[in-house]
Structures are given as C-alpha cells and as structure tokens.
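Student: Got a minute to go through this model with me? I'd like to start with one residue and then move to the interface.

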2 protein chains.
Amino acid sequence: MNIPAQARTICLEIQYDGAQYCGWQRQPKQQSVQEMLECAIERVSQEKVTCVASGRTDSGVHARKQVVSFVLRSSKANLEAYHIGVNRYLPDDIRVLCAKEVSEDFHAIRNSYSKTYRYFFSLFPTQNLFYRHYVWNLSYSIDISQMKQACEVFVGTHDFSCFQTHPREKKSHVRTIQALSVQPMHDFFFIEVKADGFLRHMVRALVGTLIDAGRGKISVEDCSMILTSLDRNQAGQTAPAHALFLWDVFYDETSKEKSTLDLSWEVE
Amino acid sequence: MNIPAQARTICLEIQYDGAQYCGWQRQPKQQSVQEMLECAIERVSQEKVTCVASGRTDSGVHARKQVVSFVLRSSKANLEAYHIGVNRYLPDDIRVLCAKEVSEDFHAIRNSYSKTYRYFFSLFPTQNLFYRHYVWNLSYSIDISQMKQACEVFVGTHDFSCFQTHPREKKSHVRTIQALSVQPMHDFFFIEVKADGFLRHMVRALVGTLIDAGRGKISVEDCSMILTSLDRNQAGQTAPAHALFLWDVFYDETSKEKSTLDLSWEVE
C-alpha cells in the first residue's frame with residue numbers, strides 16, 4: 001500500500017456484541033462488524049477506509065476488547081471524532097472505547113504478540129438467566145479439577161491441527177498457548193486462553209474438548225492423544241459461539257519486531 | 001376461597017427477564033409472566049392454578065427473585081416436578097429456582113414484610129455494552145455523594161404520593177422505606193431500596209428524582225419539598241423499566257402476623 005506523506009494511522013479499541021453479525025470480517029450479503037465500523041468511520045473522515053483488526057472473530061463471537069487500525073490519507077479530524085463521533089453512527093451493539101494515533105507502520109495484527117479469549121459456562125443446575133446470551137449453560141455436571149489437569153496438556157508450543165476446522169495444506173498449524181486456565185466468576189466459570197495466535201475455531205474446539213474432560217467423557221491421557229493425533233475428528237465438539245469473547249490484545253510498544261507467525265488466516 | 005382438605009400450598013422462587021412481557025400480571029391480549037408460569041404449572045399439575053406473586057412488576061421490569069404461591073387441590077406430583085418439571089415448559093427468560101411446600105395459609109404478598117428493588121445505572125462515558133439491556137446508560141455526569149444525601153430524605157415512613165403515578169382516592173400512600181442507598185458494582189452503580197410496600201411506579205419515580213439530584217438539577221432541600229408536596233408533578237421523571245430488578249423478598253417465617261398494609265394495588 002502506498003501511504004502518502006500526510007497519512008495518519010489511527011488505532012481504536014472497540015467492543016461488540018457479535019450476536020447480530022457474521023463475524024468481524026466483511027462477507028457478501030451479510031452484516032459484519034467491519035462493515036458497520038468502516039461505514040461509521042467514513043461518515044466522520046469523509047474518506048474510504050479499510051480497518052485491520054487484531055484477529056477475526058467468528059459469527060456470534062463477542063469482543064470485550066478488539067484492537068483495530070486504519071490509515072487516513074487526508075482527514076484533518078481530531079481524535080475525539082474517532083471516539084465520540086464514530087459512536088454516534090454505530091448501533092448500540094458496537095462501541096469505540098478509545099482512539100489514538102500510532103506510528104504509521106503500526107499494524108493491529110502483526111504488532112500483536114498475544115491475545116486472550118474467555119469462554120463462559122455455567123454448571124447444571126445453577127443458572128442465572130440474565131447471562132443466558134453470553135454463557136453456555138451445561139445440562140450435566142462437571143469436575144473442574146479434571147478440566148484443570150487437561151489444560152496443562154495443551155499449554156506450550158504445539159501443532160494444533162486437532163483443533164483446526166478448516167485444514168490448509170502447507171500452512172503451519174503451530175501456535176504457542178502461553179496460558180490456559182479455568183476460573184470461577186460469580187455464578188459461573190470461564191476458560192481463559194492466551195496465545196500468540198489462533199487457528200480458525202481453535203478456541204471453541206479446545207473448549208469442547210476440555211468440557212469432555214470435565215464431564216468424564218475423556219481422560220487427561222486422551223487429551224494428550226488428541227493433541228498428537230493432529231486429527232480434528234478426535235477432539236471434542238465446537239462449543240457454541242455465543243459464550244466466547246475476545247478478551248484482550250497485547251502489544252509490546254517498545255519492540256519494533258514484527259511477529260514471525262504464519263498470519264495468513266488472520267491477515268488474508 | 002374454599003380450600004379442600006387435601007389441598008397443598010406450593011411456593012416457588014422464580015427469576016425472569018421482563019423485556020418481552022407486559023409485567024407480572026395477566027392482561028388481555030398481552031403476554032404476562034403470570035400467564036406463562038400458570039400454563040407451565042398446569043401442564044405438570046393437570047389442574048387449573050392461580051399464582052399470587054409477592055408484588056407486581058411492571059412491563060419490562062425484571063425479577064432476580066420473585067416469590068409466587070399457588071394452591072393445588074388434587075395433584076399428587078412431587079416438589080421436583082414444580083422445579084425441574086415446570087422449567088421444561090417455560091421459555092428461557094423465565095426460570096423456577098426452587099419449589100417448596102408451605103403451610104396452607106401462606107400468601108406470597110400478605111406474609112411478606114419487605115421487598116428490595118435494585119436499579120442499575122452507568123455514568124457517562126463509561127459503558128459496557130454487554131449490560132445494555134439491564135443498565136440505564138446516562139449521557140451526563142453525576143455526583144454520587146449528592147445522590148446519597150438525597151437518599152436520606154426519603155428513608156422512613158412517609159406519604160409517597162409524590163411518586164405515585166396513578167393516584168387513587170381514599171387509599172393510603174403511606175409506606176416505610178427501610179433502607180435506600182447508592183452503591184458501586186463493577187463498571188456501574190445501583191440504587192437499592194427496601195420497603196414494606198411500593199406504590200405503582202414508585203421506585204422508578206424515586207430513581208428519576210435521585211438522578212436529578214445527582215446531576216445538580218435539584219438540591220437536597222428540593223427533595224424534601226418534593227416529598228411534602230405530595231404532588232407527582234414535582235418529582236423527577238419515571239426512569240426506564242429495563243434497568244429495574246425485583247431483587248429480594250423477605251418473609252418472617254416465625255411470625256404469623258399478617259401485614260396490615262393497604263395492599264389493594266398489590267392484591268387486586
């Protein structure tokens with residue numbers, strides 16, 4: 001991309017409820033978060049923009065914090081216009097939390113060194129219906145300590161083909177899970193996973209597998225076998241989208257190093 | 001009501017999201033929580049029942065905990081059927097939390113000695129869109145300490161005609177507010193009010209008035225004048241329904257005394 005001398009790169013932190021969207025990325029004939037956000041920005045900037053997000057989220061998946069960057073070629077609008085102003089043109093399920101100007105080579109995906117997702121679930125028979133749109137209510141009992149043991153199997157640098165829904169030839173499925181835990185919160189629990197990158201549907205397949213371990217359907221040893229099998233059919237079901245949140249995105253502002261990850265899924 | 005010798009009185013604790021309902025009470029041509037619950041119970045009991053709730057909630061108002069009682073004349077079904085069984089026939093925005101058998105003279109309104117409502121609000125510019133269906137997002141700043149001072153004016157036994165939307169002649173508007181506070185919680189605040197009874201729309205008019213005090217539109221002295229004026233036109237706006245929850249209901253199980261309150265609104 002040719003960036004003119006007067007170009008500015010703007011970074012937004014945004015939040016969205018994914019229920020009404022086909023996901024972050026633009027899709028033909030479907031409503032995406034990207035399209036809604038770009039349209040709102042263009043009403044402020046009066047120029048065409050293309051937003052890059054720290055990672056795609058799938059249909060129905062939410063973002064507590066998503067980081068987005070875009071390049072302005074000519075707009076003189078101040079930063080507040082990209083926070084308060086853009087919010088005026090967004091529906092109430094997408095919000096800009098803050099806007100800042102960043103160095104022109106900033107890239108919301110490539111500069112990110114890790115991201116955190118949280119997946120919320122509640123145990124039968126505890127239910128709090130006010131969270132029903134954001135929590136997976138399980139209709140069976142779960143042994144949380146078994147889930148925690150299963151978590152340990154997946155931490156580290158591995159080929160995660162067992163959690164890859166759309167296998168691609170000649171692309172690396174190696175990712176590093178930096179942290180994986182199950183934690184209580186109010187009336188429910190969440191699984192938190194921090195990694196340097198994610199394959200498509202990876203978190204939800206991981207969650208489905210951990211839940212299988214918690215309900216005693218598979219053992220901790222089975223989890224090791226699933227990981228080494230590299231076979232999606234061995235792992236658990238893809239957990240429903242409505243309880244998954246992109247929770248946080250981490251940038252090392254002091255480092256100029258670009259990620260060396262295979263980002264083709266996340267960039268393309 | 002003639003209660004046959006074999007009759008049993010069942011008490012349920014229920015929870016509901018009021019957004020899709022005209023309120024607790026049955027209304028012609030509208031969908032009420034009472035109707036949904038009675039229909040679900042009748043599928044289990046195979047007999048017609050009439051549910052009495054601890055208090056009516058208005059259209060759009062939620063219940064974290066509502067207490068409901070009804071009399072069974074002939075059913076032999078066990079208590080679990082009125083918990084797990086009834087839930088099977090309820091939509092996902094109404095839940096039975098527990099069921100118990102109570103003495104036959106138990107009455108969900110008359111035996112209650114107080115109820116608590118919570119009203120949730122958030123301050124500009126803090127927003128968390130995942131709570132948007134249950135929190136009133138204010139677009140102006142608020143002085144919480146002013147709200148707290150205003151709360152003190154309304155605690156105690158008073159004629160609350162200033163908060164009564166539908167005045168009725170010859171009926172007492174005297175109620176006792178036992179506690180009234182403003183408290184922080186996560187990213188927002190709530191107003192909690194505990195009283196021996198509530199006039200129609202009383203909590204929402206009280207909230208509207210407290211918010212006026214918090215934003216500096218009225219002073220604490222004005223609040224005293226509003227209370228003594230007995231005039232609904234002097235008080236603040238009726239706050240929106242979606243952020244109000246019936247939070248808790250209190251019964252003194254050791255006392256056989258019936259409430260001496262004027263319950264005509266809540267019973268009729």
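**One residue, then the interface**

Tutor: Sure. I84(B) is partly exposed, with a relative accessible area of 30%. Keep in mind that this is a predicted model.

Student: Why does I84(B) count as partly exposed?

Tutor: Because its 30% falls between the two cut-offs: buried means under 20% and exposed means over 50%.

Student: Where is the place of I84(B) in chain B?

Tutor: I84(B) sits in helix α2 of chain B, residues 84-88.

Student: How far apart in space are I84(B) and A150(B)?

Tutor: C-alpha to C-alpha, 44 Å. In sequence, I84(B) and A150(B) are 66 residues apart.

Student: New topic. How many residues of chain B are in contact with chain A?

Tutor: 19 residues of chain B, and they meet 19 residues of chain A.

Student: And how much area do chain B and chain A bury between them?

Tutor: About 1,700 Å². Carbon and sulfur atoms hold 61% of that. On chain B's side, L129(B), F130(B) and R132(B) supply 39% of the area buried against chain A, more than any other three residues.

Student: What about charges? How many salt bridges are there between chain B and chain A?

Tutor: Four salt bridges. One of them pairs R132(A) with D92(B), where the closest N and O atoms are 3.5 Å apart. There are also five residue pairs in polar contact between the chains, both residues at pLDDT 80 or more.

Student: Which strands of chain B each supply at least two residues to the side that touches chain A?

Tutor: β1 (8-16), β3 (62-72) and β4 (94-102). β3(B) gives the most, with three residues.

Student: How do the residues on that side of chain B divide into nonpolar, polar and charged?

Tutor: Eight are nonpolar, five polar and six charged.

Student: Now symmetry. What turn lays chain B on chain A?

Tutor: A turn of 180°, with a shift of 0.0 Å along the axis. The RMSD is 0.0 Å. The two copies are therefore related as by a two-fold rotation axis.

Student: Which residue of chain B comes closest to the rotation axis?

Tutor: Y131(B), with its C-alpha at 4.7 Å.

Student: What share of the contact residues of chain B recur in chain A?

Tutor: 100% of them. The same surface serves both copies.

Technical notes:
Residues are numbered from 1 along each chain as its sequence is written. Chains are lettered from A and ligands numbered from 1 in the order in which they are written. This is a predicted model: local features need pLDDT of at least 70, side-chain atom pairs count only at pLDDT 80 or more; totals for chains, interfaces and linings use all residues. Side-chain values use heavy atoms; hydrogens and water are left out. Contact means heavy atoms within 4.5 Å. Buried area is the accessible area (1.4 Å probe) that two parts lose on being put together, summed over both. A salt bridge is a side-chain nitrogen of Lys or Arg within 4 Å of a carboxyl oxygen of Asp or Glu. A polar contact is a pair of N or O atoms within 3.5 Å; within protein, one must be able to donate a hydrogen and the other to accept it, and residues adjacent in sequence count only if both atoms are side-chain atoms. Helices (H or I, at least four residues) and strands (E, at least two) are DSSP runs, numbered from the N terminus. Ala, Val, Leu, Ile, Met, Phe, Trp, Tyr, Cys and Pro count as nonpolar, Asp, Glu, Lys and Arg as charged, and the others, Gly among them, as polar. Buried means under 20% relative accessible area, exposed over 50%, partly exposed in between (1.4 Å probe, protein chains only). Copies are superposed by least squares on the C-alpha atoms of residues with pLDDT of at least 70 in both.
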